[in-house]
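Biologist: Could you take me through this one? I have a few quick things to ask as we go.

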Amino acid sequence: MGKRIGSWIVSALVVLALYLFLWPVPIEPGVWDPPPVPALEGDFAENRVLQAMELFPTPGTSGPEDVAVDSEGRAYVGVEQGQILRYAADGSDPHVFAVTGGRPLGLDFDNDGNLIVADAAKGLLSVDAAGAVSVLCTEAGGQPFGFADDVDVDSQNVAWFSDASVRWDHHHVMNDALESRASGRLVKYDIGSGECTTVLSDLYFANGVAVSPDDSYVLVNETMRYRTKRVYVRGPRVGVVETFIDNLPGFPDGISAGADGVFWLAIYAPRNEILDAAGPKPWLRRVVYRIPSALQPKPRRHPFVLGLDANGDVVHNLQDADGVEFSKSTSAEQVGDWLYIGSLTEPKWGRIAVSSLP
């Protein structure tokens, strides 16, 4: 009997090994060698500043990934259930303002007061003051959007937005993380002419987008490379692409231009040791894909926002290293003295007074 049980165990282990190492997978991992993770010290010193945030619930819904504020001080958030909620200026009275039927992520107002929405499932949308939704574009250069993510509208009424991945949709972000291939792009939509064009391709999960105060350049986050790129789109340096900040301590998500030349960069979560270790080993990332999702690497509950100057230097460092009440920070938008912070998964969003920051 003992020999039979032993034989079964050996057979089971052989089958498991064959599955983990040979079973076909849909991802095609690339090879890259992540830089060493910067320590949470100095500019990135661990703190709990974000524990002072005011938190506002999204009743019956979750995932207010971005926050936009209108001229009357009312806040708007897009949630996982495909709705856009509007709040009174004091954060009360949340109610459904519009329904996209997709997954609204990035939000910004155009120069005519319409809410421009990067919807991961529906493309780039416009929502008028009555909550009526219209589609602006669903493709650029003949390539349909796979995952419209963030949007920022400049003073010339041009919407700059990211298509995170042309390979994977918003239901398969982990696939993109494990694959680690350049399939994202920066896109622009001229609201006046209706022209939609790709500005920059081959980005590693194109995410947050921010236009400079003078409209001369656009910042775009590459989540799966822990960096932000600067793309000059007007003026004498038009066409130049450079690294704005590199080797971040986590996964950069949303970014926005605030007051006094500060860019607010939301970090979704600190970096993951397993994903970094698997960077140079495509076979290991295939193994990670094959294990149950419950056992795959998970982001830590550690909201994190950086304030950066025009040179990419850190001037603010906001964290909550405990992450008890809030996590998965995906956007940081300054309006007046308030810094509004969204989350991909929480049933709430927050805000904190900039004048109160250390």
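Biologist: Which residues lie on the two faces of β22, and are they buried or exposed?

Modeller: Phe304, Leu306 and Leu308 on one side and Val305 and Gly307 on the other are all buried, leaving both faces of β22 covered; buried means under 20% relative accessible area, exposed means over 50%, and partly exposed lies in between, with a 1.4 Å probe and protein chains only. The strand spans residues 304-308, where helices (H or I, at least four residues) and strands (E, at least two) are DSSP runs numbered from the N terminus. Keep in mind that this is a predicted model, in which local features need pLDDT of at least 70 and side-chain atom pairs count only at pLDDT 80 or more, while totals for chains, interfaces and linings use all residues. Residues are numbered from 1 along each chain as its sequence is written, and side-chain values use heavy atoms, with hydrogens and water left out.

Biologist: What does β22 pair with?

Modeller: Strand β21 (residues 263-270) runs antiparallel to β22 and is joined to it by five bridges, and strand β23 (residues 314-319) also pairs with β22 in the antiparallel sense over five bridges; two strands pair if DSSP finds at least two bridges between them. Tryptophan 264 has glycine 307 of β22 as its bridge partner, whereas phenylalanine 304 is matched with glutamine 319 in β23.

Biologist: And what is in the turn between β22 and β23?

Modeller: The two strands form a hairpin with five residues between them, and glycine 312 in that turn has a positive phi of about 85 degrees.

Biologist: Switching topic, how many disulfides are there?

Modeller: The structure holds zero disulfides, a disulfide being a pair of cysteine sulfur atoms within 2.5 Å.

Biologist: Why is there no bond between cysteine 137 and cysteine 196?

Modeller: Because the sulfur of cysteine 137 is 3.2 Å from that of cysteine 196, its closest cysteine sulfur, the separation is too far for a bond. Cysteine 137 is buried at a relative accessible area of 8%, and cysteine 196 also counts as buried, at 16%.

Biologist: How many aromatic pairs turn up?

Modeller: A search of the whole structure finds twelve, where rings of Phe, Tyr and Trp (its six-membered ring) pair if their centres lie within 6.5 Å, with planes under 30 degrees apart counted as stacked, over 60 as edge-to-face and the rest as tilted. One of them is the tilted pair of tryptophan 32 and tyrosine 226, at 5.8 Å centre to centre and 50 degrees between the planes. These two residues are 194 residues apart in the chain, and both are buried. Tyrosine 76 and phenylalanine 109 form an edge-to-face pair at 5.3 Å and 75 degrees, linking strands β3 and β6.

Biologist: Which residues form a ring cluster?

Modeller: Ring pairs link Phe56, Tyr87, Tyr340 and Trp349 into a cluster.

Biologist: Which ring does arginine 351 sit over?

Modeller: Its charged end sits over the ring of tryptophan 338, 4.0 Å from the centre, the criterion being NZ of Lys or CZ of Arg within 6 Å of the ring centre and within 35 degrees of the ring normal. Arginine 237 lies over the face of tyrosine 232, at 4.5 Å from the ring centre.
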